[in-house]
Amino acid sequence: MTTNTVFPADFLWGGAIAANQTEGAWHEGGRGTSNIDMLPIGDKRMPVKLGQVAQPELDETLYYPSHTGIDFYHRYKDDIALLAEMGLKVFRTSISWSRLYPNGDEETPNPEGIAYYRSLFETCREHGMEVLVTLAHFDVPMGLVTGYGSWRSREMITFFTRYAKTCFEEFGDLVKYWITFNEINIILHSPFSGAGLAFQPGENQKQVTYQAAHHVLVASALTVKMIHEMLPAAQVGCMIAGGSFYPYTSKPEDVWQSMLDDHDNTFFIDVQARGYYPSYMKSLLASKGVDAIEMADGDEEILKNTVDFVSFSYYASRTSAHNLDELTANEGNVVKSAKNPYLPTSKWGWVIDPLGLRITMNQLYDRYQKPLFLVENGLGAEDTVAADGSINDDYRIDYFREHIKAMADGIADGVPLMGYIAWGVIDLVAASTGQMTKRYGMVYVDKNNDGSGSLKRSKKKSFDWYKQVIASNGTVLS
């Protein structure tokens, strides 16, 4: 299938991973423990993710997939060379905060961590790939969780900006694009995995969460200010877990609920892109049983430091209903939603809705009037290795094709989009479940849910397909 391209000549086709889902080597090179290292695979994972375990501890009888990941820490040079064969224009990854500051509150960074990331980014440059770095892709050093209560403490702002400044000083000559916080709104839906929040008995959990969110927003704004001063040629963005909220029916109550859900989802970006809390914030907090957010003198001025672009992930749309508890819920995603009867779902219950991407693009640009960047999109699926070693993931190609077509329609609508980054360009640990069998990559990694496997890398059919898409700048999608 050949189409007339709407993609600009400098469109950034890319692939993404995250440190906590790939690196492994959790205690090598001076790295400290992070919140994600406390998430086992299995039925004990979700209570920890949601912050329901007040003091998470490691259990030697359980398997923790982030501890080994896909061994990217030791294999990054070969992996980057392999991904470069696809012709990626940009490689998105994150920095593990605890690899630079093992406990989180040190005065000086870990030199081994700096050397590792500098070598990684230099390797990307050698292969002609720009780098997009996420400073906080859900990683929080456990020292800050146990010692300060993570983002419930305002002291976190100092620790994070110290870490961010180190990143700009050490890697600023190698990294052109930055994101402050990955899927910042996930703090509301998965507080511990999203922001290291483990709730204590008797706490008003909503109060803690929204106050922590404010501290994150202040840290993000200070980081934006810093990067504009230190690296004026760089661009910095915010990021939301995207996806429109459709009303379940045309009943006004469902339409109203969809607007409320959208407000709760996007107020973070309202602040980061506009520079102030939206007018609906007071009523939103009241509806959650949350008192006014405590703000320090100067916070309102700090928040005026706005981002250059708005980035987002898109996997699925959501469906809102005022009586959600009485309906069949959509399974598989931490963002609660009614099951949409008009859309197919993946094995893990995520709806597949390419048109929703076009809708989301238009809504975000109409709202913020800033360039957009789609930095995650992909399909988690089980892959089968044939007897001859081939992996025919046509279902993944179909998913990508339809979403790229929808993205092209969004660009034709007038939405300025900087690039498209496929999530899990190489198989990695699924953030939601900890599984390896929920595969996203175009490169297969021989590893099982229990950690066994050779870790051998193999190209899937989608590898050569995406290579062709990039080479043709989106004109060849067959």
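Trainee: Why is Arg439 called buried?
Mentor: Buried means under 20% relative accessible area, exposed means over 50%, and partly exposed lies in between, using a 1.4 Å probe and protein chains only. Arg439 has 3% relative accessibility, so Arg439 counts as buried.

Trainee: What kind of model is this?
Mentor: This is a predicted model: local features need pLDDT of at least 70, side-chain atom pairs count only at pLDDT 80 or more, and totals for chains, interfaces and linings use all residues. Residues are numbered from 1 along each chain as its sequence is written, and side-chain values use heavy atoms, leaving out hydrogens and water.

Trainee: What makes Asp427 and Arg439 a salt bridge?
Mentor: The term needs a side-chain nitrogen of Lys or Arg within 4 Å of a carboxyl oxygen of Asp or Glu. Here the closest N and O atoms are 2.7 Å apart, so the pair qualifies. Both residues sit in the loop between strand S10 (417-423) and strand S11 (443-445), twelve residues apart. Asp427 has 0% relative accessibility, so Asp427 counts as buried.

Trainee: How do you know that Lys460 also forms a salt bridge with Asp427?
Mentor: Their N to O distance is 2.9 Å, so the 4 Å limit is met. Lys460 lies in the loop between strand S12 (457-459) and helix H15 (461-471), so the pair ties together parts that are 33 residues apart in sequence. At 2% relative accessibility, Lys460 counts as buried. Salt bridges with shared partners join Asp383, Asp393, Arg396, Asp427, Arg439 and Lys460 into one network.

Trainee: How many salt bridges does the whole structure hold?
Mentor: The search finds 28. Among them is the one between Arg154 and Asp299, at 2.6 Å from N to O. Arg154 lies in the loop between H6 and H7 and Asp299 in helix H12 (residues 299-302), so this pair ties together parts that are 145 residues apart in sequence.

Trainee: Is Arg154 buried, partly exposed or exposed?
Mentor: Arg154 has 32% relative accessibility, so Arg154 counts as partly exposed. Asp299 has 0%, so Asp299 is buried.

Trainee: How many aromatic pairs are there?
Mentor: The structure holds 31. One of them is Trp97 with Tyr163, a stacked pair at 5.3 Å centre to centre, with 15° between the planes.

Trainee: Why is the pair of Trp97 and Tyr163 called stacked?
Mentor: Rings of Phe, Tyr and Trp (its six-membered ring) pair if their centres lie within 6.5 Å; planes under 30 degrees apart count as stacked, over 60 as edge-to-face and the rest as tilted. The 5.3 Å and 15° of this pair meet both limits, so the pair is stacked. Trp97 lies in helix H4 (residues 97-100) and Tyr163 in helix H7 (residues 155-171), so parts 66 residues apart in sequence are tied together. Trp97 is buried at 0%. Tyr163 is buried at 0% as well.

Trainee: What makes Trp151 and Phe181 an edge-to-face pair?
Mentor: Their centres are 5.7 Å apart and their planes stand at 75°, so the pair falls in the edge-to-face class. Trp151 sits in the loop between helix H6 (142-148) and H7, and Phe181 in strand S4 (residues 177-181), 30 residues apart.

Trainee: How do you know that Arg99 sits over the ring of Tyr116?
Mentor: NZ of Lys or CZ of Arg must be within 6 Å of the ring centre and within 35 degrees of the ring normal. Arg99 lies over the face of Tyr116, at 5.6 Å from the ring centre.

Key: Helix = DSSP H or I, 4+ residues; strand = E, 2+ residues; numbered from the N terminus.
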